[in-house]
Amino acid sequence: MKLLNRLFCLVMWVPATQATAAPAPDFPLAGTWTLVAADLIRPDGVRIRDYGDAPAGLMMIDAQGRYTVQIYRSDRPRFASGDKKTGTPAEFEAAIMGSSAHFGTVAIDKEAHTLTFSIATAAFSNWEGTQQKRSYELNGDELSYRVPARPDGYIPLSVWRRVR
């Protein structure tokens with residue numbers, strides 16, 4: 001019986017240690033990230049808030065490059081009815097314009113300093129099935145990336161801090 005218990009513990013220990021192993025060292029973005037800033041850089045170079053003064057967000061990337069991103073305005077109004085199905089047009093607009101969420105896979109080109117998000121599903125359905133390239137900087141546990149300029153010339157900038 002002791003032998004069976006030891007074998008069982010060994011069989012359970014190996015997958016558990018593999019599941020908690022550190023991210024692959026060749027994929028430096030693997031981990032959990034919290035949002036520091038979600039800003040816009042205006043054409044004149046001035047940086048302004050895009051998701052309010054205290055945006056909230058989480059990005060998770062695994063060692064194989066699968067990711068999920070969520071960004072939210074913290075000052076989004078609540079639905080007065082308490083029911084998402086009966087929201088007003090203004091409540092729906094605030095919910096959509098005050099959030100950004102997507103998931104899929106991300107690839108990194110260290111030499112070109114670009115990330116390419118292959119978006120499988122997104123809150124903004126026009127992004128689904130697209131690849132989006134971002135220029136990035138990684139300084140220790142801080143990651144920032146810029147989205148290509150919008151039609152109005154504003155450049156979205158996201159800044160993330162790795163959770164340790």
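This passage describes strand pairing, salt bridges, aromatic pairs and selected residues in a predicted model.

Strand β1 spans residues 31-41. Its pairing with strand β3 (residues 56-61) is antiparallel and runs over four bridges. Within this pairing, W33 has M59 of β3 as its bridge partner. Strand β1 also runs antiparallel to β9, and eight bridges join the two. Here I41 stands opposite I155 of β9. A further antiparallel pairing joins β1 to strand β2 (residues 47-49) through three bridges. In that pairing, I48 of β2 is the bridge partner of L40. The hairpin of β1 and β2 has five residues between its strands. In this hairpin, G45 takes a positive phi near 95°.

The loop between β8 and β9 contains G153. This glycine touches I41 and P43, leaving aside residues up to four places away in sequence. The C-alpha atoms of G153 and D44 are separated by 9.4 Å, although the two residues are 109 apart along the chain. G153 is partly exposed, because its relative accessible area is 24% and the buried class ends under 20%.

A positive phi is also found at H113, with a value of about 55°. H113 is not a glycine. Most residues other than glycine have a negative phi. The residue sits in the loop between β5 (99-109) and β6 (114-122). Its relative accessible area is 43%, so H113 counts as partly exposed.

Nine salt bridges are present in the structure. One of them joins the side chains of R66 and D62, with an N to O distance of 2.7 Å. Both partners are partly exposed: R66 has a relative accessible area of 48%, and D62 has 23%.

The side chains of R162 and D141 form another salt bridge, at 3.2 Å from N to O. R162 belongs to strand β9 (residues 155-162), whereas D141 lies in the loop between β7 (131-139) and β8 (142-146). The pair therefore ties together parts that are 21 residues apart in sequence. R162 is buried, because its relative accessibility of 14% falls under the 20% cut-off. D141, at 28%, counts as partly exposed.

A salt bridge also connects the side chains of E142 and R161, with N and O 3.9 Å apart. This pair links distant parts of the chain, with E142 in strand β8 and R161 in strand β9, 19 residues apart. E142 is partly exposed at a relative accessible area of 33%. R161 is partly exposed as well, at 42%. Elsewhere, D39, R47 and R49 are linked in a network of salt bridges.

Four aromatic pairs were found in a search of the whole structure. F124 and W127 form an edge-to-face pair. Their ring centres lie 6.0 Å apart, and the angle between the planes is 85°. This geometry counts as edge-to-face because the angle is over 60 degrees. Neither ring-bearing residue is buried: F124 is partly exposed at 47% relative accessibility, and W127 is partly exposed at 25%. In addition, Y67, F117 and Y145 form one aromatic cluster.

Strand β4 (residues 66-72) includes Q70. The side chain of Q70 makes a polar contact of 2.6 Å with the side chain of T68. Beyond residues up to four places away in sequence, Q70 touches A56, G57, L58, S100, A101 and W160. Of these contacts, A56, G57 and L58 fall within the residue range of β3 (56-61). S100 and A101 fall within the range of β5 (99-109). W160 falls within the range of β9 (155-162).

Definitions and conventions:
Residues are numbered from 1 along each chain as its sequence is written. This is a predicted model: local features need pLDDT of at least 70, side-chain atom pairs count only at pLDDT 80 or more; totals for chains, interfaces and linings use all residues. Side-chain values use heavy atoms; hydrogens and water are left out. Buried means under 20% relative accessible area, exposed over 50%, partly exposed in between (1.4 Å probe, protein chains only). A salt bridge is a side-chain nitrogen of Lys or Arg within 4 Å of a carboxyl oxygen of Asp or Glu. Rings of Phe, Tyr and Trp (its six-membered ring) pair if their centres lie within 6.5 Å; planes under 30 degrees apart count as stacked, over 60 as edge-to-face and the rest as tilted. Two strands pair if DSSP finds at least two bridges between them. A polar contact is a pair of N or O atoms within 3.5 Å; within protein, one must be able to donate a hydrogen and the other to accept it, and residues adjacent in sequence count only if both atoms are side-chain atoms. Contact means heavy atoms within 4.5 Å.
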